[in-house]
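Please take a look at the structure below. Some questions about it follow, each with a short reasoned answer.

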Amino acid sequence: MNIILLGPPGAGKGTQGKLIAQQYSIPQISTGDILRANVKNKTALGLKAREFMDKGVLVTDDIVVGMVEDRIAMKDCQAGFILDGFPRNINQAGVLGRMLEGAGKKVDYVIGIEVDKKALVKRLSGRRVCRKCGESYHIVFSQPLNQGICDKCGGELYQREDDLEETIAARLDVYEQETLPLVAYYTERGLYRAINGAGAVDMITGAIVEAIEKGKHNT
Ligand code: AP5
Ligand code: MG
C-alpha cells in the first residue's frame with residue numbers, strides 16, 4: 001500500500017506519518033528528514049540543499065527525485081511506504097507516477113491533511129525537534145516531560161532553522177503556489193482524501209485510518 005501524505009508545512013505530516021507507518025508496518029519516507037540528515041552530515045547533497053531549505057523554498061527536483069527513487073527501491077518498501085513531503089509540485093508527481101509504473105506499482109491513497117493558516121503558524125513557531133532522534137514536540141501542544149530534553153532519547157531539543165517567522169511565511173507561500181495544485185491533480189485521478197487536521201493527534205490518526213480502510217473496501 002503506497003500512501004502520499006499531502007499538506008502544508010505544519011499540517012502534521014511528520015506526526016501522522018509516524019503513527020500510520022506503525023499501524024501498517026510500512027516505512028515513512030520524509031524528504032525533509034532525509035535532506036536535514038544530509039545537511040547535518042555536510043554531504044555534497046546537503047550543502048546544495050541547505051541554501052534552499054534555509055530560505056523556505058523547494059530544493060531542485062533533480063536532487064529530491066533521485067533521493068526518493070533510491071529510497072523506494074529499498075527492500076523495506078516492498079509492501080508499501082508513506083511519502084511525507086513528496087511530491088511537492090506537479091513535475092514531481094508526474095515523475096513519481098512514471099517511477100512507480102515502471103516498477104509495477106502505483107499510488108493507492110493521497111491523504112490531504114487540511115489545517116487553517118493561523119493554526120499552522122502557531123504549530124510551526126512552537127515546534128521543537130530532537131537533534132538526536134528527530135522526534136517532534138511543541139512548546140504548548142506537545143510538551144516534553146523535561147523542558148528542552150527529548151522524552152524518547154534524552155537528546156537536546158532545538159528549533160528548526162526554517163521555523164523562524166519570516167521563513168514560515170515563505171514556506172506557506174511556496175506551498176500555495178507549488179504544492180496546492182496537487183490537490184486538484186490527485187482529485188482528478190480519484191485518489192485524494194481530505195482529512196480535517198485540526199483537533200487531537202489520535203483523532204486525526206483515526207480519521208486517516210478510516211479513510212484508508214474505506215478505500216480498501218471500495219476497490
Ligand atoms: P519538510 O521537512 O517536508 O517540511 P514541511 O512540509 O514544511 O512540513 P513540516 O515538517 O514543517 O510539517 P509537518 O506537516 O511534518 O508537521 P509536524 O508533524 O512536524 O520540508 C522542509 C524543506 O525541505 C522544504 O522547505 C524544502 O526546502 C525541502 N524539501 C522537502 N521535501 C521536498 C521536495 N519534495 N521537493 C523540494 N524540496 C523539498 O507538526 C508540526 C508541529 O505541530 C509540531 O510541533 C507538532 O508537535 C504539532 N502538531 C502536530 N499535530 C498537531 C495537532 N493535531 N494539534 C496540535 N499540534 C500538532
Ligand atoms: Mg515534517
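The questions below concern a predicted model, and they cover its ligand, a pocket and some single residues.

Q: Which helix gives the largest share of the shell around ligand 1?
A: The shell around ligand 1 holds 34 residues, and the closest include Thr15, Thr31 and Arg171. At least two residues each come from α1 (13-24), α2 (31-40), α6 (117-125), β6 (136-138) and α9 (201-218). The largest share is 4 residues, and the element that supplies it is α2.

Q: How many charged residues are in the shell around ligand 1?
A: Sorted by class, the shell has 15 nonpolar and 11 polar residues, and the charged ones number 8.  Arg127 and Arg171 are among the closest residues to ligand 1, and arginine belongs to the charged class. The count of charged residues in the shell is 8.

Q: What percentage of the accessible area of ligand 1 does the protein cover?
A: Polar atoms of the protein approach the ligand at several places: a side-chain N or O atom of Arg36 is 2.9 Å from a ligand oxygen, and one of Arg123 is 3.5 Å from a ligand nitrogen. The backbone takes part too, with an N or O atom of Gly199 at 2.8 Å from a nitrogen of ligand 1. On its own, ligand 1 has 1000 Å² of accessible area, and the share covered by the protein is 95%.

Q: Which element gives the most to the lining of the second largest pocket?
A: This pocket has a volume of about 170 Å³. Its lining consists of Ala93, Gly97, Leu100, Lys106, Val107, Tyr185, Tyr186, Arg189 and Leu191. Two helices, α5 (90-102) and α8 (181-188), each supply at least two of the lining residues. The most, 3 residues, come from α5.

Q: How many nonpolar residues line the second largest pocket?
A: The charged residues in the lining number 2 and the polar ones 1. Gly97 is in the lining, and glycine is counted as polar. The number of nonpolar residues is 6.

Q: Is Asp162 buried or exposed?
A: Asp162 sits in the loop between β7 (157-158) and α7 (165-179). Its side chain makes a polar contact of 2.9 Å with the side chain of Arg160. Because its relative accessible area is 11%, and the cut-off for burial is under 20%, Asp162 is buried.

Q: What is the separation of the C-alpha atoms of Ala37 and Gly134?
A: Ala37 belongs to helix α2 and is partly exposed, at 35% relative accessibility. Along the chain, Ala37 and Gly134 are 97 residues apart. Their C-alpha atoms are separated by 9.6 Å.

Q: Which peptide bond is cis, with omega near -5°?
A: The bond leads into Pro87, a residue of the loop between β3 (81-84) and α5. With omega near -5°, the cis bond is the one from Phe86 to Pro87.

Q: Is Ser25 buried or exposed?
A: Ser25 lies in the loop between α1 and β2 (28-30). Its phi is near 50°, a positive value in a residue other than glycine. Its relative accessibility is 65% and the cut-off is over 50%, so Ser25 is exposed.

Q: What is the relative accessibility of Lys42?
A: Lys42 is in the loop between α2 and α3 (44-55). Its phi is positive, near 55°, and it is not a glycine. Lys42 counts as exposed, with a relative accessibility of 63%.

Notes. Residues numbered from 1 in each chain as written. Chains lettered and ligands numbered in written order. Predicted model: local features only at pLDDT ≥ 70, side-chain atom pairs only at ≥ 80, totals over all residues. Heavy atoms only, no water. 1 Å grid on protein atoms, 1.4 Å probe; cavity = no way out; pocket = protein on both sides within 12 Å on 5 of 7 lines; lining within 4 Å. Points joined across faces, edges and corners; volume = space filled by probe spheres on them. Near = heavy atom within 4 Å. Polar contact = N/O pair within 3.5 Å; in protein donor to acceptor, adjacent residues only side chain to side chain. Areas by Shrake-Rupley, 256 points an atom, 1.4 Å probe, with all protein chains shown as cover. Buried < 20%, exposed > 50% of the residue type's maximum accessible area, 1.4 Å probe, protein only.
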